[in-house]
Amino acid sequence: MSRPPEPIFLARQSYRRRRWSDAARLMPVVGLIALLLPLLWADQATTSGGILYIFCVWALLIAGTKIIARRLTDYDPLIETNDSTESTETKDGGAR
Amino acid sequence: MGGTVLLIEDEPNIIEAIRFILSRDGWRVDTHSDGLTAVDAVRARRPDLIVLDVMLPNRSGYDILNDLRADAEFKELPVLMLTARGQKKDRELAEKLGASRFMTKPFSNGEVLETVRALVGQ
Amino acid sequence: MLSFNALALISIFYVALLFAVAFWADKRAERGRGGWLRSPWVYTLSLSIYCTAWTFYGAVGNAARSGLEFATIYLGPTLVMVGWWVILRRLVRIGKTQRITSIADMVSSRYGKSNTLGVLVTLLAVAGTTPYIALQLQSVTLSFAVFMDGPANAPEDLAVVALWVAIGLAVFTILFGTRNLDVEERHHGIVMAIAVEAVVKLVALLAVGIFAVFWIGSGPSDMMARIEASSIDVWALQPDRWMTMIFLSAAAFICLPRMFQVIVIENEDERHLSTAAWAFPMYLFLISLFVIPIAVVGLSVMPEGSNPDLFVLTLPLTFDQNALATLAFLGGFSSATSMVIVASIALATMVSNHIVMPIWLSTQSVGATVSGDVRHVVILARRASIVGVLVLGFLYFRLSGGGTALASIGLVAFVGLSQILPALIGGIFWRGATRIGAAAGLATGLALWLWTSLLPSFGEGGVLSAAVFLHGPFGIAMLRPEALFWIEDIDPLVHSVLWSIALNTLAFCVFSLLSFPSPLERLQGATFVNIFRFSDRSRGWTGGAAEAEDLLMMAQRIIGPQVAQGIFESEAAKQGKQGYLPDVTPDFMDRLERELAGSVGAATAHAMVAQITGGASVTVEDLIRVADEAQQILEYSNQLEAKSAEQERTARQLREANEKLLALSVQKDGFLSQISHELRTPMTSIRSFSEILMADEAMGPEDRLRYSRIIHDETKRLTRLLDDLLDLSVLENGQVTLNMGEETIGAVLDRAVAAMEVATGQQDFVIQRPGPGEDASIYTDGDRLSQVFINLIANALKYCENPTPRLTIKVDEAGGRRVVDFLDNGKGIPTDAQTLIFEKFARVSDNHAAGGAGLGLAICREVMTRLGGGIVYLPGQGGAAFRVILPDARAEAA
């Protein structure tokens with residue numbers, strides 16, 4: 001069975017959209033690393049500083065997710081019907 | 001002339017018409033109306049010529065013709081086919097199966113007579 | 001301080017308010033006016049059932065004891081939400097397309113609709129949730145106790161409070177959770193009430209926090225200084241616990257039955273997830289914002305030895321802020337109640353679908369098709385399960401005696417339910433995951449959780465003796481519950497999570513690798529993993545001998561007659577058929593199974609459909625074939641697939657159109673050929689005899705007369721044929737005008753019989769008319785109807801070979817319609833010809849004595865169609881039998 005050739009260059013818009021969904025995948029990883037970072041801190045870090053750090057990371061995660069979610073839904077107002085982009089995405093990623 | 005003609009046809013009025021035309025010309029006319037037993041009738045009567053209708057009860061005229069031509073004895077027997085379905089493909093089929101002549105209903109009496117004479121005269 | 005009674009009154013008012021909200025939302029949803037009920041904000045707020053009373057009160061206590069660690073409980077879910085694109089989006093899509101009803105159903109459905117797994121997950125969920133419900137009851141009673149005066153603070157009174165709370169929750173849940181067995185399995189009323197409660201608890205916590213920071217303290221910078229000076233060593237993070245708890249809360253967020261319920265099942269629209277992805281972390285952020293300030297202030301202000309778990313309540317009370325304290329109380333009350341309501345719905349769904357229904361089904365020896373009302377049984381099972389879950393929770397609360405033993409149970413429950421994680425996540429990302437693997441993983445996890453977490457949670461000398469803790473069971477040191485395999489001196493929680501999740505995952509992977517999945521598992525696996533490529537076609541059924549009618553009967557019992565008929569009708573329409581009974585195609589069985597799964601769960605639905613489609617399930621070969629097909633489809637690139645589906649659809653339409661055209665053209669050829677024959681035959685006689693008459697002058701007058709008569713008769717035959725043809729063409733084109741009028745059936749029959757007698761003059765033909773029913777009057781075109789009757793009588797006259805021919809005309813009623821039957825005592829019509837006789841020129845034999853052109857019955861059929869009735873051949877009546885179905889008089893009259 002021969003596969004149809006994948007389009008090599010995507011329209012600018014769907015290219016953007018794919019990168020945003022990459023970003024969405026990246027978010028929890030970034031968040032986890034940021035939250036585990038304090039474990040490596042030296043003991044002399046101040047308590048209130050630590051609290052500030054955690055809450056700042058938290059706020060940034062929220063803001064980042066909001067931006068990404070907005071972009072993802074903006075490019076495709078019906079994300080539920082976009083199966084095609086999703087699956088070619090995985091393949092696309094594997095081919096590179 | 002005085003030959004025998006076997007008329008295989010199921011429409012009573014048409015039988016009467018053809019019988020009238022041919023017997024007035026001196027032919028002996030036997031008739032048969034059932035498709036299924038038509039070949040047996042031919043064997044029994046041994047006519048000089050057959051007038052064969054296509055649309056017969058129980059068996060089509062084409063099948064009967066096919067059987068007759070398969071039999072060495074009737075290979076050369078003149079057969080005049082009559083049909084009420086005057087389409088080109090009907091004529092082609094009849095010729096392919098070996099009908100000597102093919103006529104479309106309604107026919108002219110004179111033409112039937114001429115054809116019968118010509119077929120037996122050969 | 002508020003009196004206990006005042007507080008009770010306020011609580012009752014609050015609950016009444018929630019009832020009103022839920023009722024209103026349900027009504028609104030029923031009327032189809034969802035409006036902002038279906039907004040992403042309501043969805044986001046409903047997720048807040050994650051924050052239970054344990055977190056509402058306990059977070060402050062936790063912060064007071066272990067500092068920032070409390071935040072991990074919220075950070076885990078934050079990571080999950082932030083990563084919505086990866087896991088939650090998948091779960092929601094799968095939940096929607098597969099009509100999943102619970103997390104147990106999800107696991108069961110993924111692994112080949114295995115009910116064993118469903119039962120396993122259900123048991124785990126019950127075991128993990130019951131203590132949690134007990135915890136909620138405890139916190140409500142504790143918060144009541146805070147408002148009680150000394151002597152009233154007896155344990156017995158507290159138990160009464162807990163009992164009343166449990167009863168109230170059971171009533172609420174049953175009322176709004178099992179009102180109907182919705183196909184969608186959503187509960188708008190409950191979700192709305194939970195959203196309201198979410199707002200209340202957030203506002204309450206924020207209010208207390210602001211009170212602590214700005215009223216007791218003097219602003220943020222002062223608070224920072226207080227935190228630095230505080231006795232809590234906030235920043236001494238324990239790395240192992242920090243990591244474990246983030247993982248644990250993230251896992252629990254996905255696996256808790258109640259969370260699965262609100263995230264996946266109650267989800268209205270996939271797009272809501274993209275809002276909740278940041279809005280819910282925001283909610284958690286706000287909930288946690290003031291936890292440390294409240295803890296710090298509480299520790300410094302409250303007397304030594306006061307319970308930090310209740311600071312949220314006691315702090316305002318100490319400063320005589322009754323209103324604030326009441327608000328805080330309502331916040332805690334909301335946290336507890338919303339959790340219990342959703343948890344018991346989720347558990348009840350699982351228990352009824354995976355335990356009660358299968359058992360009930362197996363006791364029904366005759367099968368679901370003929371036995372009682374399944375719908376009713378399901379709802380009853382749900383209600384009983386809700387009561388059962390709450391009774392269990394209450395008993396647990398009473399038996400454990402409340403107190404500190406319960407406080408740790410939150411995390412214990414988290415560990416237990418996290419055991420579902422490997423099977424769940426493995427199931428949606430790894431096609432190789434099998435049922436055996438999932439069962440092995442779950443069983444391993446369950447066992448390790450019981451041994452290392454749940455049983456030790458009762459404390460030394462609780463369920464396990466101190467000796468077991470110290471030396472292991474039977475002195476086997478390797479199996480000490482808190483030092484499994486000689487790993488000692490680590491935090492018990494970390495120890496338990498490490499072992500249970502690690503061995504669970506290991507067992508899951510190893511057994512998955514070693515076992516070979518059944519075709520259904522492979523199919524479901526492919527469907528789940530490739531959900532975004534495969535959303536609208538999951539296959540499961542093929543070539544069954546299921547009777548559409550049986551399936552309809554069963555479906556009606558489960559999802560209600562109207563919904564079921566709707567589904568069947570739309571399917572039939574899709575297949576281009578009329579009425580309610582579509583062909584039982586694999587696609588349709590699959591769709592039906594999914595619809596049923598919405599009510600009774602995938603495994604049960606599968607079993608029920610299987611029961612009808614022929615006792616067992618479909619054959620293995622069939623499944624393999626379908627699985628292979630499905631896999632082939634999966635291999636395609638998605639765009640191509642979308643396109644090829646489109647092309648295939650177009651091609652199919654073209655093919656169908658072509659077939660229709662071809663059939664029409666064959667019909668037309670046949671028709672023309674027939675007409676040609678029918679016209680030429682009489683013309684042959686006419687031409688021939690007229691030539692004879694013209695040529696033969698000397699013919700006798702007798703012959704001349706006979707031949708003229710033949711010509712005359714054949715001309716009449718031609719005219720009749722042309723009349724019939726014109727009549728038929730007018731009828732077929734619908735250009736006929738009907739002279740409708742009221743008339744009795746008898747009168748129409750009289751006219752028809754009279755006309756026949758005049759036309760034929762035949763005397764020896766007996767027409768019997770056993771009277772009853774003939775005086776019924778109908779609204780129709782009497783002339784056209786009598787034309788049909790004349791045709792039928794003429795037919796009987798022509799074709800009935802019986803030496804003493806007899807025709808019986810009976811007026812009767814069949815299938816709610818009035819019918820007139822024409823039965824003769826002839827030989828009847830051979831079976832293979834019965835369907836043909838109504839076609840044009842379809843004469844059963846070339847019996848020319850009849851002299852008709854074979855258009856009579858075709859005309860009859862057209863006339864009856866025009867009149868809104870019909871005509872059919874009745875087989876097996878002895879002779880030929882035609883049934884004229886009269887137009888529905890009532891419908892016409894209306």
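In this predicted model, B:Asp53 touches B:Ile8, B:Glu9, B:Asp10, B:Gly61 and B:Leu82, when residues up to four places away in sequence are not counted. B:Asp53 lies in strand β3 of chain B, and the position is covered by the UniProt annotation "modified residue: 4-aspartylphosphate", which comes from an unreviewed entry. Because 25 C-beta neighbours fall inside 10 Å of B:Asp53, this residue counts as buried, the cut-off for that class being 20 or more other C-beta atoms within 10 Å.

The strand that holds B:Asp53 belongs to an open sheet of chain B, in which five strands follow the order β2-β1-β3-β4-β5 with parallel pairing. The edges of this sheet are formed by β2 (28-32) and β5 of chain B, each of which pairs on one side only, and neighbouring strands are turned by 20° against each other on average, direction ignored. Strand β3 (residues 49-53) of chain B is joined to β4(B) in the parallel sense over four bridges, and within this arrangement B:Leu52 stands opposite B:Met81 in β4(B). The chain passes from β3(B) to β4(B) through helix α3 (residues 61-70) of chain B, and the resulting β-α-β crossover is right-handed. A further helix of chain B, α2 (residues 38-45), lies across β1 (4-8), β2 and β3 of chain B and runs at about 170° to β1(B).

Strand β4 (residues 79-83) of chain B is mostly covered, with five of its five residues buried. The cover extends to both faces of β4(B): B:Val79, B:Met81 and B:Thr83 are buried on one side, and B:Leu80 and B:Leu82 are buried on the other. Strand β4(B) also pairs with strand β5 (residues 101-104) of chain B, again in the parallel sense and over four bridges. Across this pairing, B:Leu82, which is also among the residues touched by B:Asp53, stands opposite B:Met103 in β5(B), while the bridge partner of B:Leu80 in β5(B) is B:Arg101.

Chain C contains 35 helices and seven strands, and buried residues make up 49% of its 894 residues. Among the contacts in chain C between residues at least 6 apart in sequence, 80% join residues that are at least 24 apart. Helix α20 (residues 421-429) of chain C offers an example of a mostly covered element, seven of its nine residues being buried; the buried residues of α20(C) are C:Leu421, C:Pro422, C:Ala423, C:Leu424, C:Gly426, C:Gly427 and C:Ile428.

An open sheet is also found in chain C, where five strands are arranged in the order β2-β4-β5-β7-β6 with mixed pairing. Its edge strands are β2 (766-768) and β6 (870-873) of chain C, each pairing on one side only, and the neighbouring strands of this sheet are turned by 20° against each other on average when direction is ignored. Within the sheet, strand β5 (residues 817-824) of chain C and strand β7 (residues 881-885) of chain C pair in the antiparallel sense over five bridges, and the bridge partner of C:Asp821 in β7(C) is C:Arg883. Helix α33 (residues 782-799) of chain C packs on this sheet and touches β4 (806-814), β5 and β7 of chain C, with a direction that makes about 25° with that of β5(C). Helix α34 (residues 856-867) of chain C, in turn, lies across β6 and β7 of chain C and runs at about 140° to β6(C).

Between the two chains, 18 residues of chain C are in contact with 17 residues of chain B. On the side of chain C that touches chain B, the elements giving two or more residues are α30 (638-695) and α31 (701-732) of chain C, and α30(C) gives the most, with 13 residues. By class, this side of chain C has four nonpolar, nine polar and five charged residues.

For chain A, an unreviewed UniProt entry places the feature "transmembrane region" at residues 52-69. In the model, this span of chain A is 100% helix and 0% strand, and the C-alpha atoms at its ends lie 25 Å apart.

Definitions and conventions:
Residues are numbered from 1 along each chain as its sequence is written. Chains are lettered from A and ligands numbered from 1 in the order in which they are written. This is a predicted model: local features need pLDDT of at least 70, side-chain atom pairs count only at pLDDT 80 or more; totals for chains, interfaces and linings use all residues. Two residues are in contact if their C-beta atoms, placed from the backbone, lie within 7 Å. Ala, Val, Leu, Ile, Met, Phe, Trp, Tyr, Cys and Pro count as nonpolar, Asp, Glu, Lys and Arg as charged, and the others, Gly among them, as polar. Two strands pair if DSSP finds at least two bridges between them. Axes are lines fitted to C-alpha atoms, for helices over the stretch in contact, and angles run from 0 to 180 degrees between N-to-C directions. A residue is buried if 20 or more other C-beta atoms lie within 10 Å of its own, exposed if 12 or fewer, and partly exposed in between; C-beta atoms are placed from the backbone. UniProt positions are given in the numbering used here, feature names are shortened, and annotations may be inferred rather than shown by experiment. A crossover is right-handed if, with the strands pointing away from the viewer, the path from the first strand over the helix to the second runs clockwise.
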